[in-house]
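User: Can you walk me through this one? I'd like rings, the pocket and one loop residue.
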Amino acid sequence: MLPHLGLIVPPSDGAVPPEGAALYTGRAHFSARGLGLSEISNRGYNAVIDRVAALARELADAGALALSLMGTSLSFYRGGQANEALKQTMAQASGLPCTTMSDAVVHGLRSMNAQRVAVATAYIDEVNQQLKAFLSESGFTPTAVRGLSITDVQAVGEVPPSVLADLCREVYRAQPGADAILISCGGLRTLAATRLVEAELGVPVVSSSPAGFWDLMRTAGLPAHSAGHGRFFDEPAEASSQARR
């Protein structure tokens, strides 16, 4: 039987993002519960964030071995301490090792030894500023931060790879010296854009949803490498100490 890992996702339908199957088919089984986020904004986050504990408990009852809150802005918008508190809330409700998508992008960037980070997002300016503050608090230097100003939860998944690649080029070239590019928003489908950008610009790309699955695998103590999907997937990484309870 495959290891069962649980996701708390923003959309109400509770669908597992497609990156899970693309990265780890035959290696893990993912199930999800949806928060019902109505818009990608602070108003939207505030309306659903208190449901996280109940969904964590549901996933534990369904047999999950580890959990992730798979929403980047949902977990960083109130800052690093609030992100830590969310993990504690999930862990207390479920009794399981827990992580968040904000943790995932931080761990992914650190695995690439990145310090200066160019940032491409789906977000409006207010959320971009919150992300910039969270990254700075986490020890990174954001160089340029630019977003697509999308608030519609469904529309974000329809952004084509060419648009994401163009935005990555823009933020990378806006200020020289970035060690990596971050694509932030778990609703963006980024695997194709990542391959394009890494081949062209020669820097690693860390993006929310792939990093979220990678970090959840590590949190569960499972091998997280998946060759062909970006530089930080190419080499086996040590499992997170969170899994060694």
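Analyst: Aromatic pairs come up before the pocket and the loop residue. This is a predicted model, where local features need pLDDT of at least 70, side-chain atom pairs count only at pLDDT 80 or more, and totals for chains, interfaces and linings use all residues. Residues are numbered from 1 along each chain as its sequence is written, and side-chain values use heavy atoms, with hydrogens and water left out.

User: How many aromatic pairs are there in the whole structure?
Analyst: Seven. Rings of Phe, Tyr and Trp (its six-membered ring) pair if their centres lie within 6.5 Å; planes under 30 degrees apart count as stacked, over 60 as edge-to-face and the rest as tilted.

User: What do phenylalanine 76 and phenylalanine 134 form?
Analyst: A stacked pair, 6.1 Å centre to centre with 25° between the planes. Phenylalanine 76 is in helix α4 (residues 72-76) and phenylalanine 134 in helix α7 (residues 125-137), so the pair ties together parts 58 residues apart in sequence. Helices (H or I, at least four residues) and strands (E, at least two) are DSSP runs, numbered from the N terminus.

User: Is phenylalanine 76 buried or exposed?
Analyst: Buried, at 1% relative accessibility. Phenylalanine 134 is buried too, at 4%. Buried means under 20% relative accessible area, exposed over 50%, partly exposed in between (1.4 Å probe, protein chains only).

User: And how are phenylalanine 232 and phenylalanine 233 arranged?
Analyst: That pair is tilted: 4.6 Å centre to centre, 40° between the planes. Phenylalanine 232 is buried at 5%, and phenylalanine 233 at 1%.

User: Which residues form one aromatic cluster?
Analyst: Tyr24, Phe30 and Phe213.

User: Switching to the largest pocket. How much space lies in it?
Analyst: About 400 Å³. A pocket is an open set of points on a 1 Å grid over the protein atoms alone, where a 1.4 Å probe fits, with protein on both sides within 12 Å along at least five of seven lines; lining residues have an atom within 4 Å of a point. Grid points are joined across faces, edges and corners, and the volume is the space filled by probe spheres set on the points.

User: Which lining residues are closest to its centre?
Analyst: Of the 26 that line the largest pocket, Pro10, Pro11, Gly186, Gly187 and Arg189. Helix α4 gives the largest share of the lining, three residues.

User: Last one. Where is isoleucine 150?
Analyst: In the loop between β6 (141-147) and α8 (161-174). Isoleucine 150 is buried, at 14% relative accessibility. Its C-alpha is 5.6 Å from that of tyrosine 123, 27 residues apart along the chain.
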